[in-house]
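Here's a quick briefing on how two chains meet and on one of the pockets. Have a look at the model first, then read on.

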Amino acid sequence: MENLFGLAIAFVAIFSGLMVVLHRNPMVNLVSLIINLASAAIFFLLLGGQFIAAIQVIVYAGAIMVLFVFVIMLLNLRRELDPPKGGRIQKILYLPAALALAAGLVYAALGPRIALPAPPPPGPDFGSVERVGELLFTDHLFAFEFVSLLLVVAMVGAVVLAKRRLD
Amino acid sequence: MEINPNFCLSISLILFTIGTAGVLLRRSIIVILMSIELMLNAVNLTFAAFSAQLRSMDGQIFVFFVMAVAAAEAVVGLAILIALFRLRGETDADGMNRLRW
């Protein structure tokens with residue numbers, strides 16, 4: 001039953017991921033991306049991360065995707081017509097590069113395995129808000145404070161980049 | 001309610017490959033940004049799977065930081081997109097060769 005549920009969510013995730021890349025209409029791409037992020041949130045829940053599942057839905061599928069919707073509506077994007085034109089180097093190199101990438105991925109999926117130690121059973125508070133918050137404010141405090149700095153810099157940069165010139 | 005972390009790693013591999021293909025194949029910049037979000041999300045899934053396998057919370061802390069960086073990246077990327085659209089009136093990656101020598 002649980003395996004069937006996981007398979008269904010995986011199917012939704014892969015199908016919506018394909019729609020993000022393959023469909024021509026930017027709005028359909030965006031809605032597929034939101035579905036994909038929501039199915040990833042379900043995976044986070046199944047893996048025991050309650051807090052990251054919550055912020056995946058609130059921050060990622062909520063706030064960032066609203067930003068994308070806003071930009072698509074603002075720019076009034078057309079459907080794109082033809083695939084990109086490659087340069088000369090791309091025309092020579094695309095087949096070896098694609099084959100090398102495919103070989104690496106197949107080797108990673110089917111190659112030798114690393115035996116991970118059998119984990120102890122998880123505590124009842126694994127992935128809870130309390131544990132994540134405790135770690136964020138003790139072990140990772142420096143990185144946590146720097147994330148706030150990064151967000152401020154990104155916000156100021158976005159305002160400066162996107163504002164109208166006032167000549 | 002449990003799920004096999006290996007299964008999540010396979011899903012993450014497939015999603016990351018789809019995102020890479022999107023970055024390489026599409027010419028609309030906003031779809032390229034969406035594909036980058038797809039790849040970052042696949043990496044997040046890997047972190048969560050290893051966190052569940054090793055019973056270590058550090059993977060989930062990493063997911064948190066990756067989400068913050070993805071938010072910053074999306075904001076700056078979309079701002080650049082708006083600025084470029086004002087400048088040129090199109091959002092094709094092929095037209096963006098202004099910085100070429």
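Chain B and chain A bury about 6,300 Å² between them, and 77% of that area sits on carbon and sulfur atoms. Keep in mind that this is a predicted model. The notes below go through the contact between the chains, then the second largest pocket.

**Where the chains touch**
- On the chain B side, B:M34, B:R55 and B:M57 supply 11% of the area buried against chain A, more than any other three residues.
- In terms of head count, 64 residues of chain B are in contact with 71 residues of chain A.

**Polar links across the interface**
- How many salt bridges are there between chain B and chain A? The count is zero.
- Polar contacts do turn up: five residue pairs, both partners at pLDDT 80 or more, are in polar contact between chain B and chain A.

**What chain B brings**
- Three helices of chain B, α1 (5-25), α2 (29-54) and α3 (58-88), give two or more residues to the side that touches chain A.
- Of these, α3(B) gives the most, with 23 residues.
- Sorted by class, that side of chain B has 45 nonpolar residues, eleven polar ones and eight charged ones.

**The second largest pocket**
- This pocket holds about 630 Å³ of space.
- Its lining is made of 20 residues, and A:A108, A:R113, B:N6, B:L9 and B:F50 lie nearest the centre.
- Both chains chip in here: α4 (88-110) of chain A, plus α1 and α2 of chain B, each supply at least two lining residues.
- Which helix gives the largest share of the lining? That's α1(B), with six residues.
- By class, the lining splits into twelve nonpolar residues, seven polar and one charged.

How values were computed:
Residues numbered from 1 in each chain as written. Chains lettered and ligands numbered in written order. Predicted model: local features only at pLDDT ≥ 70, side-chain atom pairs only at ≥ 80, totals over all residues. Heavy atoms only, no water. Contact = heavy atoms within 4.5 Å. Buried area = accessible area lost by both parts, 1.4 Å probe. Salt bridge = Lys/Arg side-chain N within 4 Å of Asp/Glu carboxyl O. Polar contact = N/O pair within 3.5 Å; in protein donor to acceptor, adjacent residues only side chain to side chain. Helix = DSSP H or I, 4+ residues; strand = E, 2+ residues; numbered from the N terminus. Nonpolar A, V, L, I, M, F, W, Y, C, P; charged D, E, K, R; others polar. 1 Å grid on protein atoms, 1.4 Å probe; cavity = no way out; pocket = protein on both sides within 12 Å on 5 of 7 lines; lining within 4 Å. Points joined across faces, edges and corners; volume = space filled by probe spheres on them.
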